[in-house]
Amino acid sequence: MSALAQAAADGMVVTKRNLIKIKRLPDLLIFSSIQPIMFVLLFAYVFGSAINVPGVDYKEFLMAGIFTQTVAFGSALTAVGLAEDLQKGIIDRFRSLPMARSAVLVGRTTSDLLNNVLVVVIMSVCGLLVGWRIREGVLSAVAAYALLLLFAFAMSWVSATIGLTVRSVEVAQSAGFIWLFPVTFLSNAFVPSERLPTVLRVIAEWNPISAVVASLRDLFGNVGPNVPVGGSFPQQYPIVMAVGWSLLLLAIFVPLSVRRYRAAATR
Amino acid sequence: MASTIVAEGLSKRYGEIRALDGLDLEVAEGTVLGLLGPNGAGKTTAVRVFTTLLRPDSGRATVAGLDVVREAAALRRIIGLSGQYAAVDENLTGFENLDMVGRLYHLGRRTSRSRARDLLDQFALAEAADRPVKTYSGGMRRRLDLAASLVAEPQVLFLDEPTTGLDPRGRLGMWEVIAGLVRGGTTLLLTTQYLEEADRLADSIAVIDHGKVIARGTADELKTQVGGDRLELAVGHVDELAKAADTLRAVGSGEPAVDEGARRLTVPISDGAGVLVGALRRLDAEGVEVLDVGIRRPTLDDVFLALTGRAAEEIDDEPAAAGRGRGTR
């Protein structure tokens with residue numbers, strides 16, 4: 001077997017191991033879905049009654065933001081999972097085995113991606129129940145989900161770097177999470193960014209979260225028919241921005257987390 | 001006989017702390033070496049170097065002729081490691097844990113599965129095989145961790161404090177399992193804080209302190225070095241200490257140590273039961289009130305006291321390498 005095929009096989013073994021945890025601890029999946037469901041209900045019925053978005057029902061506007069926020073918050077799982085494996089000595093065991101060095105990270109990010117797929121399915125059902133609709137074709141919807149998962153995968157590698165840097169589960173639990181609040185709220189996820197004060201508006205427009213959210217709204221058809229699109233580059237080309245951001249994050253954080261993994265494990 | 005494990009001048013520093021400070025070691029093929037020392041002596045650091053988890057700052061080490069740094073990948077195929085903390089996945093069943101390790105040794109699906117079942121049988125875990133490990137007792141987890149280190153039938157096995165944290169029954173069970181492995185001819189390096197454990201399992205013992213080997217020999221040689229068994233005695237009154245010390249000097253094989261505060265005396269002896277009876281007769285004749293008396297085996301403390309002039313717990317000040325990792329070096 002070639003080295004690459006062997007590495008892929010090792011990654012699969014670790015992925016399977018991580019997935020068994022999701023199966024054995026279904027509470028984990030339930031609780032990681034409860035929070036976004038709560039956000040859907042709170043925003044749709046509490047804030048939504050006061051927020052007016054031109055040209056489209058707020059519940060339709062909201063879901064793209066919720067999807068993106070959910071996978072962004074979900075990425076914190078990667079940090080926690082890796083910190084836990086380090087702390088419990090499982091990574092020592094892995095490192096004493098003749099397996100591919102990449103398998104621990106590939107296995108973790110892959111299983112977290114699959115976890116995200118499950119959560120996104122649950123969120124979609126929840127969205128459909130409150131009145132969200134997919135209004136463009138099937139291909140467009142598939143593209144939207146693919147883009148969302150690409151972004152989730154990239155965020156997972158950011159989180160991996162954090163988890164391997166902080167090393168302790170308790171710290172990873174807050175460090176992997178806390179920065180995501182400003183990042184997701186300083187965006188177009190819950191309110192249109194046009195009405196923000198200038199500085200915040202510019203930040204929000206260039207925020208990767210906004211690019212993903214805007215792409216999802218386009219691809220799902222959750223925008224008003226005659227609503228003018230903002231003039232800035234990220235608003236004009238959200239899909240280019242979303243894909244670009246995701247690839248950029250991967251280009252930075254894949255090598256960075258691999259380096260952190262080596263450093264963390266050889267101490 | 002060829003040496004399977006060789007270390008020459010291994011050093012590893014963590015800031016100001018010298019976890020390894022010029023460690024030299026040799027383990028002959030098919031034998032068991034007990035690496036004996038208190039917490040923080042450098043036992044775990046040494047094992048981490050031998051098992052490719054840690055690069056030494058200087059010095060070199062080979063296992064089965066393979067350099068632990070340059071030939072790490074090849075070395076990992078022929079070693080097994082069972083650490084101080086049972087590194088098994090709690091959410092997986094015992095079978096799934098072993099099967100996973102087999103797959104990662106690239107044994108293939110069928111071999112991994114059958115090997116996992118065989119090991120679970122061998123380690124009396126067959127009944128619990130399909131239960132998640134979180135339901136296991138401490139002893140069961142340790143056995144599973146040990147089984148995981150044996151999946152690929154390694155030529156060389158490293159066990160880092162295999163019985164620390166186990167209750168006496170768990171410890172005895174573990175000893176039997178390890179003794180069984182040793183009969184199979186595996187080369188084994190085992191670290192422990194207990195002289196008794198090294199005595200029971202190891203062909204030879206290396207005592208390690210501050211990252212250096214400070215004594216080597218068989219268990220008997222080390223015990224002779226510290227004077228064999230001890231007679232320990234507690235008397236009722238401080239005034240009787242002198243009389244009791246005279247008596248002990250007569251029956252013992254060395255100078256008695258006197259602890260005035262605890263009214264306790266200790267003397268090395270060469271012939272256990274006979275000396276005890278003789279000493280009690282004499283003390284009775286002298287009219288010394290004896291509160292407590294007994295013979296005990298030398299402990300790691302005694303070995304340390306004899307070798308370094310200080311007790312093992314006094315140097316138990318391991319700063320856990322500035323709190324990193326799991327605080328074991």
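**Exposure and contact in a predicted two-chain model**

Trainee: Why is B:Ala124 called partly exposed?

Mentor: B:Ala124 has 13 C-beta neighbours inside 10 Å. A residue is buried if 20 or more other C-beta atoms lie within 10 Å of its own, exposed if 12 or fewer, and partly exposed in between, with C-beta atoms placed from the backbone. The count of 13 therefore makes B:Ala124 partly exposed. This is a predicted model, in which local features need pLDDT of at least 70, side-chain atom pairs count only at pLDDT 80 or more, and totals for chains, interfaces and linings use all residues. Residues are numbered from 1 along each chain as its sequence is written, and chains are lettered from A in the order in which they are written.

Trainee: Where is B:Ala124, and what is its phi?

Mentor: B:Ala124 lies in the loop between α4 (109-122) and α5 (138-149) of chain B; helices (H or I, at least four residues) and strands (E, at least two) are DSSP runs, numbered from the N terminus. Its phi is positive, about 55°, although B:Ala124 is not a glycine.

Trainee: What makes B:Arg263 partly exposed?

Mentor: B:Arg263 has 18 other C-beta atoms within 10 Å, so it falls between the buried and exposed limits. B:Arg263 sits in the loop between β12 (257-259) and β13 (264-268) of chain B, and has a positive phi of about 50° without being a glycine.

Trainee: How many residues does each chain give to the contact?

Mentor: Chain B gives 28 residues and chain A gives 19, where two residues are in contact if their C-beta atoms, placed from the backbone, lie within 7 Å. On the side of chain B that touches chain A, α3(B) supplies the largest share, five residues.
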